[in-house]
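Trainee: Could you take one part of this protein and go through it closely with me, giving the cut-offs behind each term as you use it?

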Amino acid sequence: AVAVAAFWLCRADPPGGQAAGMRARGESALGRGDYAAAQAAYAEAAGLEPESLESLLGLASACSARRRFSEAASALEQASRLPQLGPAEWLRVSRAFGGARAPERSLQACEAALDQDPGLAEAWFDQAQVLADLGREAEAEAAYRQAESLGRAGAATCRRLAELFAHRGAL
């Protein structure tokens with residue numbers, strides 16, 4: 001154990017530093033629109049730190065940008081198994097599943113966020129949007145109303161409710 005610690009102390013860039021550097025490269029590549037380079041950098045970061053939510057979300061984002069939705073979903077499945085996910089992290093995973101064209105998994109991640117924090121208005125709002133996109137209008141309306149009751153009554157909420165009512169012929 002001492003030899004391993006000494007080895008890492010002598011190295012200029014320990015594994016965490018390498019992963020952070022690769023994430024920075026991935027973020028930069030995403031910003032430039034070089035999605036292949038971003039995917040490669042985030043994949044390397046995730047390999048170095050397989051329990052890094054940031055690496056996995058970045059990898060999913062790069063894959064989605066390249067329209068490699070199954071690869072994005074695979075990274076997000078790995079992220080979903082991380083033990084440290086709280087409501088905010090579940091919400092980020094949910095949104096990433098949406099970007100990966102996996103609405104059912106997006107909905108499940110919203111539900112995980114709400115299981116941990118039923119008062120998270122943003123999760124209710126996101127859940128309502130996913131439900132509406134899935135054609136589950138009555139459930140979407142209930143989720144929008146819950147978001148509204150928790151203080152998320154912005155213009156987007158009102159617009160989506162109006163769209164639902166119009167679609168159902170209630171307006």
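Mentor: A residue is called buried under 20% relative accessible area, exposed over 50% and partly exposed in between, with a 1.4 Å probe and protein chains only. By that rule Arg101, at 54% relative accessibility, counts as exposed, and so does Arg67, at 58%, whereas Ser64 counts as buried because its value is 14%. Keep these three residues in mind, since the part I have chosen is built around them.

Before we go closer, please note that this is a predicted model, in which local features need pLDDT of at least 70 and side-chain atom pairs count only at pLDDT 80 or more, while totals for chains, interfaces and linings use all residues. Residues are numbered from 1 along each chain as its sequence is written, and side-chain values use heavy atoms, with hydrogens and water left out. The mean pLDDT (the predictor's confidence in each residue, from 0 to 100) is 86 for the protein, and 79% of its residues reach 70 or more. Residues 2-14, however, have a pLDDT below 50, and in the model this stretch makes 5 contacts beyond near neighbours in sequence. Where pLDDT is low, the predicted coordinates should not be read in detail.

The protein has 10 helices and 0 strands (DSSP runs, H or I of at least four residues for helices and E of at least two for strands, numbered from the N terminus). Of its 171 residues, 40% count as buried.

Our part begins with helix H4, residues 53-65, where Ser64 has its place. The axes of H4 and helix H5, residues 69-80, come within 7 Å and cross at roughly 165°, the axes being lines fitted to C-alpha atoms over the stretch in contact, with angles from 0 to 180 degrees between N-to-C directions. H4 is therefore roughly antiparallel to H5, a label for angles over 145 degrees, where those under 35 are roughly parallel, 65 to 115 roughly perpendicular and the rest oblique. The crossing of H4 with H5 is left-handed (the near helix is turned anticlockwise from the far one by less than a right angle; clockwise would be right-handed).

On the H4 side, Leu53, Leu56, Leu57, Leu59, Ala60, Cys63 and Ser64 meet Phe69, Glu71, Ala72, Ala75, Leu76, Gln78 and Ala79 of H5, where contact means heavy atoms within 4.5 Å. Sorted by class, the residues of this contact are 11 nonpolar, 2 polar and 1 charged, with Ala, Val, Leu, Ile, Met, Phe, Trp, Tyr, Cys and Pro taken as nonpolar, Asp, Glu, Lys and Arg as charged, and the others, Gly among them, as polar.

Ser64 itself deserves a second look: leaving aside its neighbours within four places in sequence, Ser64 touches Phe69 and Ala72, and also Gly99 and Ala100.

Now turn to the loop between H4 and H5, where Arg67 is placed. Arg67 has a positive phi of about 65°, although Arg67 is not a glycine. Most residues other than glycine have a negative phi. Arg101 offers a second case, with a positive phi of about 60° in a residue that is again not a glycine, and Arg101 lies in the loop between helix H6 (87-99) and helix H7 (103-116).
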